[in-house]
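Colleague: I have just opened this one and could use a careful walk through it. Could you take me round?

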Amino acid sequence: MDAMTRCSHGHFYDAAKHSSCPYCGAATDIEGKTRRVPPAGAVQPAAKPVPAPAADPGVTRAVYREAATGISPVVGWLVCVAGPDRGRDYRIHGEKNFIGRGSSMDIVIAGDDSVSREKHASVAYDPKKRNFWLLPGDAAGLVYLNEQLVNMPSPLKSRDMIEIGKTKLMFWPLCDDNFHWD
C-alpha cells in the first residue's frame, strides 16, 4: 500500500495519484475530476500545468472530448442538498461518471463515510441521444432515485433526487435538446 501524504490543512491523499491535495481544491495531475472547493479565505497553492497526454496507443481515451483542446466538456451537475457535503456541486462530463468516496472516482463524495470508496453508482451522459442515466454501481451500497431503489439503468430528469449513503444529490442537466456540445 502506498504511503499517504498530509497537506498543510491536515488532509491525507495519495501523492502517487495527485501532485497536490485534491481536498483543498488545488490542481492535480488528473484532468476532469471533480474536486472540493476550498473554504472562503483559504490560501491556495499555485496551480501546476497539466502536461499533455503522450500519444500512447495503449491508453483508453474518451470519445466525447473536444479534439482541439482535449477538454471533456461539462454536460451537467449534481448538487449536494443533504448530507455531510451539503452545498457542494459536482461536474458531470460525457459518458460514464463513477461516483464514490475514493479520490480515483470522477465524482468524489469524500465527506460521507457511508458512500463506497469505488463505484457506488454512476451517471452516464449519452451524447448521441442527449440524455442522462443513473446506474447502480459495483459496490454493496444501494442507490435511490426519487425514493425508488435503482437496480438497473434509470433515466434522469432535471431536479431528480439521487440518494447515496447519507448524501442526497439534485441533478441539473446542461445538455439537452436545446443545447449540446457539437
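Modeller: We can talk through confidence, then a histidine, then a sheet. This is a predicted model, in which local features need pLDDT of at least 70 and side-chain atom pairs count only at pLDDT 80 or more, while totals for chains, interfaces and linings use all residues. Residues are numbered from 1 along each chain as its sequence is written, and side-chain values use heavy atoms, with hydrogens and water left out.

Colleague: What does the protein chain average in pLDDT?

Modeller: The average is 81, and 72% of the residues score at least 70, where pLDDT is the predictor's confidence in each residue, from 0 to 100.

Colleague: Where does pLDDT stay under 50?

Modeller: That happens over residues 26-31, for which the model has 23 contacts beyond four places in sequence, a contact being heavy atoms within 4.5 Å. The pLDDT is also below 50 over residues 44-52, a stretch with 8 contacts beyond near neighbours in sequence. Where pLDDT is low, the predicted coordinates should not be read in detail.

Colleague: Now His-120: buried or exposed?

Modeller: His-120 is buried, with a relative accessible area of 1% (buried means under 20%, exposed over 50%, partly exposed in between, with a 1.4 Å probe and protein chains only).

Colleague: And which residues does His-120 touch?

Modeller: Leaving aside residues up to four places away in sequence, its contacts include Ile-99, Pro-136, Leu-142 and Ile-164. For Leu-142, the backbone oxygen lies 3.0 Å from a polar atom of the His-120 side chain.

Notes: Polar contact = N/O pair within 3.5 Å; in protein donor to acceptor, adjacent residues only side chain to side chain.
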